[in-house]
Amino acid sequence: MKRMFRTFKFRLLVSSLCVVLFSLGSVSFMLDRAFEQEARQNLNSSLAAQASLIESRVAPAAFRSGGEKYFPELARETGGRLGERVTFISASGRVLGDSEFQGGRPVGMEDHSGRPEVASALKGKPGSAVRRSATLDIDMLYFAWPVRAGGGVSGVVRLAVPLSGIHKHRAHIRRVILFSSVLSAIFAVFLGLWLIAMLSKPLADIIGASKRFAAGDFGHRLRPGGSGELDELARTFNSMAEDLSRKIGELAARKREIEAVFNNMSEGIILTDGAGVIKALNAAAEKLTGVPAAQAAGRLDDVVLVLWG
């Protein structure tokens with residue numbers, strides 16, 4: 001098992017799979033973030049258009065007069081038509097009308113001037129914020145639009161919509177991405193197996209050839225049939241084997257020449273190493289000593305006794 005994990009095939013397969021999964025994960029993360037941002041921007045644009053239309057229906061003096069009867073009815077009517085929560089807030093932060101309450105009349109609602117989206121609108125700039133609704137227990141997007149009158153902000157129109165639609169759409173996209181990722185991973189596995197099959201045969205041939213070269217079979221040749229680096233490697237192996245075979249042949253011929261000269265010399269020659277052990281002797285030395293070369297190799301005493309005798 002450990003040997004399999006160390007093989008080139010296994011590492012190539014795992015590497016290709018990791019590259020595909022990492023790429024898909026990165027793309028999925030970026031798509032998920034981009035979709036959420038794009039969806040919120042589109043929702044804010046839609047709410048801004050709706051708030052602008054509601055502003056055109058608000059009487060200029062309604063916020064200054066208090067509008068205790070005017071805004072509850074307007075909130076109930078517009079909220080029912082849009083299917084969204086509509087809230088009217090005075091410049092001081094007091095809630096004047098809210099479609100979530102019966103008849104649009106807010107009861108016991110605290111000052112809203114500190115809400116982020118309302119605070120932005122009171123400064124003359126549309127604002128939005130995402131919070132979890134305490135009553136519905138879902139994430140809501142709150143969008144506040146400043147209502148201008150007399151060169152200043154006289155009040156705020158706030159719309160609130162649940163983000164469940166965005167979440168459902170995002171969950172659907174995530175499922176599609178997950179399904180695509182699984183298919184891509186399967187494709188990556190089969191692609192890796194195909195690449196392994198394509199590379200295994202040339203690599204196995206090269207490994208087998210290197211073993212035969214190491215055993216001294218320099219007549220073996222690889223058949224170039226791969227592509228790129230593997231084909232170049234096969235040609236390099238063949239060239240190396242050819243060079244080694246030629247050089248070994250030259251050395252063998254040189255050895256035979258030296259042996260022929262050594263054996264045909266009329267003078268008796270005995271070759272010894274530094275310790276005086278006989279390594280070789282020619283035919284003339286055999287005649288002088290009376291000891292065959294095969295018996296004299298590796299010995300010294302018998303030959304010396306014959307010579308001295």
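Modeller: Helices (H or I, at least four residues) and strands (E, at least two) are DSSP runs, numbered from the N terminus. Just after one of them, α6, Gly216 takes a positive phi of about 100°. This is a predicted model, where local features need pLDDT of at least 70, side-chain atom pairs count only at pLDDT 80 or more, and totals for chains, interfaces and linings use all residues. Residues are numbered from 1 along each chain as its sequence is written, and side-chain values use heavy atoms, with hydrogens and water left out.

Biologist: Happy with that! What makes strand β1 mostly covered?

Modeller: Buried means under 20% relative accessible area, exposed over 50%, partly exposed in between (1.4 Å probe, protein chains only). In β1 (residues 85–90), 6 of 6 residues are buried. Arg85, Thr87 and Ile89 cover one side, and Val86, Phe88 and Ser90 the other.

Biologist: How do you know that β1 pairs with β5 and β2?

Modeller: Two strands pair if DSSP finds at least two bridges between them. Antiparallel β5 (residues 152–162) is joined to β1 by 6 bridges, and antiparallel β2 (residues 95–98) by 3. Ile89 partners Val156 in β5 and Val95 in β2.

Biologist: How do you know that the length of α6 agrees with its expected span?

Modeller: The expected span is 1.5 Å times one less than the number of residues. For the 51 residues of α6 (residues 164–214) that gives 75 Å, and the end C-alpha atoms are 71 Å apart, which agrees.

Biologist: And where does α6 have a kink?

Modeller: At Ser200, shortly before Pro202, with a value of about 30°. The bend at a residue is the angle between axes fitted to the seven residues ending there and the seven starting there.
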